[in-house]
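This briefing covers the strands, cores and aromatic contacts of one protein chain. Please read it alongside the sequence and the coordinates.

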Amino acid sequence: MKESEENNLKILLNKGITILIIVMMVMSFTSLFAYQDSYASADVTAPVIDTASLSVDKTSAVSGDTVKLSVKVTDNVAVSYVEVVYTTPQTNKWSMIYLSYDSTTGYYEKSISVSDTTETGDWTIRMITATDTSENSVTYDGVSSLYGAHADLSKGTYNVSKQITETVSASDAVYDEKNHGASISGDSIDKSYYSVLYVGRNDTNYSSTTAPTNAGDYSAVFSLTSAGKKIYGLSGESVLSKDFSISKAIPIYSLPNDLTAVYGGKLSDVDLPDNFSWMDGSTDVGDAGTKYFKASYNPDTRNYETVSDIDIRL
């Protein structure tokens, strides 16, 4: 009886071990299949950036403006964030911004504020990266293929320029043998980046960087140099001008004295001092005696008005 019980116990023990092995095998296969199912359903797909949709709502901006950058990004699960790196125009550094999803437009967008401290020039996109909630990401490089596939990201470029507040002042003058020019004032641009050229208007023939002295009509033209345009992000002519005139002066003269004429002669026979001339040289001087005849005076016809009807005594 004792031997029989021992045999039964052994049989039960063997059955228990067999059942335990079977259970462990089933659990192992179940875990393996669960792992395989989990692996098969894992998100390994990166977001899609539609670079053709990249845009800014304005390509030129000044202090106080806002530039809205937009791009369409999609993912098979969910986009975590969209990052854009701009290259600054003056210091050539990187400036990073993050875009937010706009459910109304379906685009990822960012409103970029432009202030007085914003570097002037062209802000260009170096790269754009989109990452999903599974840490899958894609990057496009707008310059090379160093940080990702090269792509044309120029549609995201915008130019920041300095808002010019300078004004040119010039006053009309009367000829006085001195130079008369114009001045530029304002604090938005360093004046050393301006060059000035004086040009004649109407019938005045003049072109010089030196302010004029002679009577005439002029324009003072202030132009921003190439270096200035680059620093302040300006293009085109970038010219400020002001018209002014220098009028002819009224000459001062002294009457000639001790002039004599010959009886029966004409005024043209009587020599006058320099810059004087008889109004009518064909006039007879007439009989002997003191008489007065009309003359004119002009020392420089370009810069002085002619004084007429001056009574000259003979």
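Helices (H or I, at least four residues) and strands (E, at least two) are DSSP runs, numbered from the N terminus. Asn 159 lies in strand β10, and the chain as a whole has two helices and 20 strands. This is a predicted model, in which local features need pLDDT of at least 70 and side-chain atom pairs count only at pLDDT 80 or more, while totals for chains, interfaces and linings use all residues. Residues are numbered from 1 along each chain as its sequence is written, and side-chain values use heavy atoms, with hydrogens and water left out.

**Chain totals**

- Of the 314 residues, 34% count as buried (under 20% relative accessible area; exposed is over 50% and partly exposed lies in between, with a 1.4 Å probe and protein chains only).
- The accessible surface comes to about 19,100 Å², and 51% of this belongs to carbon and sulfur atoms; areas come from the Shrake-Rupley method with a 1.4 Å probe, and for residues only the protein chains shown count as cover.
- Among contacts (heavy atoms within 4.5 Å) between residues at least 6 apart in sequence, 57% join residues at least 24 apart.

**Nonpolar cores**

- A nonpolar core is a set of buried Ala, Val, Leu, Ile, Met, Phe, Trp, Tyr and Cys residues joined through side-chain atoms within 4.5 Å.
- The largest core has 26 residues, and the members that touch the most others are Leu 69, Val 71, Val 82 and Tyr 86.
- Two or more residues of this core come from each of β1 (48-56), β3 (66-74), β4 (79-87), β5 (94-102), β6 (107-113), β7 (121-132) and β10 (158-160).
- Another core, of 20 residues, lies apart from it and includes Tyr 175, Phe 222, Leu 224 and Ala 249.
- Beyond its neighbours within four places in sequence, Val 71 contacts Ile 49, Asp 50, Ser 53, Leu 54, Val 82, Leu 99, Tyr 107, Tyr 108 and Ile 128.

**Strand pairing**

- Two strands pair if DSSP finds at least two bridges between them.
- Strands β7 and β8 (residues 137-141) run antiparallel and are joined by five bridges, with Val 138 in β8 as the bridge partner of Ala 130.
- These two strands form a hairpin with four residues between them, and Glu 135 in the turn has a positive phi of about 70 degrees.
- On to β9 (residues 149-150), β8 has two bridges in a parallel arrangement, and Tyr 140 has Ala 149 in β9 as its bridge partner.
- Strand β11 (residues 167-170) runs antiparallel to β13 with four bridges, and Val 168 is matched with Ile 184 in β13.
- In β13 (residues 182-185), Ala 182 and Ile 184 point to one face and are buried, whereas Ser 183 and Ser 185 point to the other and are not.
- An open sheet of five strands follows the order β12-β17-β16-β14-β15 with mixed pairing; its edge strands, β12 (173-174) and β15 (207-208), each pair on one side only.
- Within this sheet order, β14 (residues 194-201) and β16 (residues 216-224) are antiparallel over eight bridges, and Tyr 198 stands opposite Ala 220 in β16.

**Buried polar residues in strands**

- Asn 159 counts as buried because its relative accessibility is 17%.
- Not counting residues up to four places away in sequence, Asn 159 touches Thr 59, Ser 60, Ala 61, Gly 121, Asp 122 and Gly 233.
- The C-alpha atoms of Asn 159 and Gly 121 are 5.3 Å apart, although 38 residues separate the two in sequence.
- Thr 87, in strand β4, is buried, with a relative accessible area of 14%.
- Leaving aside neighbours within four places, Thr 87 is in contact with Asn 92, Lys 93, Trp 94, Asp 122, Trp 123, Thr 124 and Arg 126.

**Aromatic rings**

- The structure holds 15 aromatic pairs; rings of Phe, Tyr and Trp (its six-membered ring) pair if their centres lie within 6.5 Å, and planes under 30 degrees apart count as stacked, over 60 as edge-to-face and the rest as tilted.
- Tyr 101 and Tyr 108 form a tilted pair, because their ring centres are 5.1 Å apart and their planes stand at 55 degrees.
- Tyr 101 is partly exposed at 48% relative accessibility, while Tyr 108 is buried at 10%.
- Tyr 218 and Phe 244 are stacked, at 5.8 Å centre to centre with 25 degrees between the planes.
- This pair links distant parts of the chain, with Tyr 218 in β16 and Phe 244 in β17 (residues 239-247), 26 residues apart; both residues are buried.
- Ring pairs join Tyr 198, Tyr 206, Tyr 218 and Phe 244 into a cluster.
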